[in-house]
Amino acid sequence: GASYTDVNALVEAINSGVVYKYVNKPWMNEDLQQTVARALEHHETIKAQHQLRRQNERLARDLRTTQRSFVKVFSEMFSLKDAYTLGHCYRVRDYAECIGYSFNLQPQVLEQLSLAAFLHEVAHIKIPNEILFKTSSLTAEERGLVQQGFERGIEILSHIPHLEDIVPAIRYQHEMFDGNGYPEGLSGERIPFHARIIA
């Protein structure tokens, strides 16, 4: 090439990543070979990083699709079981989002809270309606059935890919600040924050 260099063009090329390294003339052939080998390694690293970034973007899209699909299936399931419950889930989600906004939660955290709040009734799917919607006090036996059904529902939910982050919020929604709730009798701030909001 020419023995002179447009410095501005060189700086721009290096800054944009087009040029791996500037080599002055005259050069030693051995040094030049090592520089070319390093440049190739650098190129392969950049290429691998780009592919990894694209793969992560695809996985994030797949995650959102999985979540939307599950929410849709859940909505259909509860609209068949009980229309009131579906409306209740929407209301709890809306209230939880309002509380989350008031705490200035980050968008990703708020999205997880919203999803957990909307799906908080999933764990009740194994509990018979005649017990779930009973207006009088539950017997000790019925309370046991509710807790067993709730645990089975949590177990189902915990096996759904990409939803494991919201399971604690749903699992501990029946804990009470005074420690008289279930399943573990947690109290105060030992209860996960999102579970407290949903409750």
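## Glutamate 121 and the nonpolar core

Glutamate 121 lies in the loop between α4 and α5 (129-132). The structure is a predicted model. Glutamate 121 counts as buried because its relative accessible area is 12%, and the cut-off for buried is under 20%. Its side chain makes a polar contact, at 2.7 Å, with the side chain of histidine 124. When neighbours within four places in sequence are left aside, glutamate 121 is in contact with several residues, among them Phe74 and His88.

The largest nonpolar core of the model has 32 residues, and Leu119, Leu157 and Ile170 touch the most other members. Two or more residues of this core come from each of α2 (29-81), α3 (83-102), α4 (107-118), α6 (140-158), α7 (167-171) and α8 (193-198). The greatest contribution is that of α4, with six residues.

A further region is the loop between α7 and α8, where glycine 179 is found. Between glycine 179 and arginine 190 there are 9.6 Å in space, C-alpha to C-alpha, and the two are 11 residues apart in sequence.

The table lists the contacts of three residues, not counting residues up to four places away in sequence.

| Residue | Residues in contact |
|---|---|
| Leucine 119 | Phe70, Val71, Phe74, Ile166 and Ile170 |
| Glutamate 121 | Phe74, Phe78, Thr85, His88 and Cys89 |
| Glycine 179 | Gly185, Leu186 and Ser187 |

Phe74 appears among the contacts of leucine 119 and also among those of glutamate 121.

Conventions:
Residues numbered from 1 in each chain as written. Predicted model: local features only at pLDDT ≥ 70, side-chain atom pairs only at ≥ 80, totals over all residues. Heavy atoms only, no water. Core = buried A, V, L, I, M, F, W, Y, C linked by side-chain atoms within 4.5 Å. Buried < 20%, exposed > 50% of the residue type's maximum accessible area, 1.4 Å probe, protein only. Helix = DSSP H or I, 4+ residues; strand = E, 2+ residues; numbered from the N terminus. Contact = heavy atoms within 4.5 Å. Polar contact = N/O pair within 3.5 Å; in protein donor to acceptor, adjacent residues only side chain to side chain.
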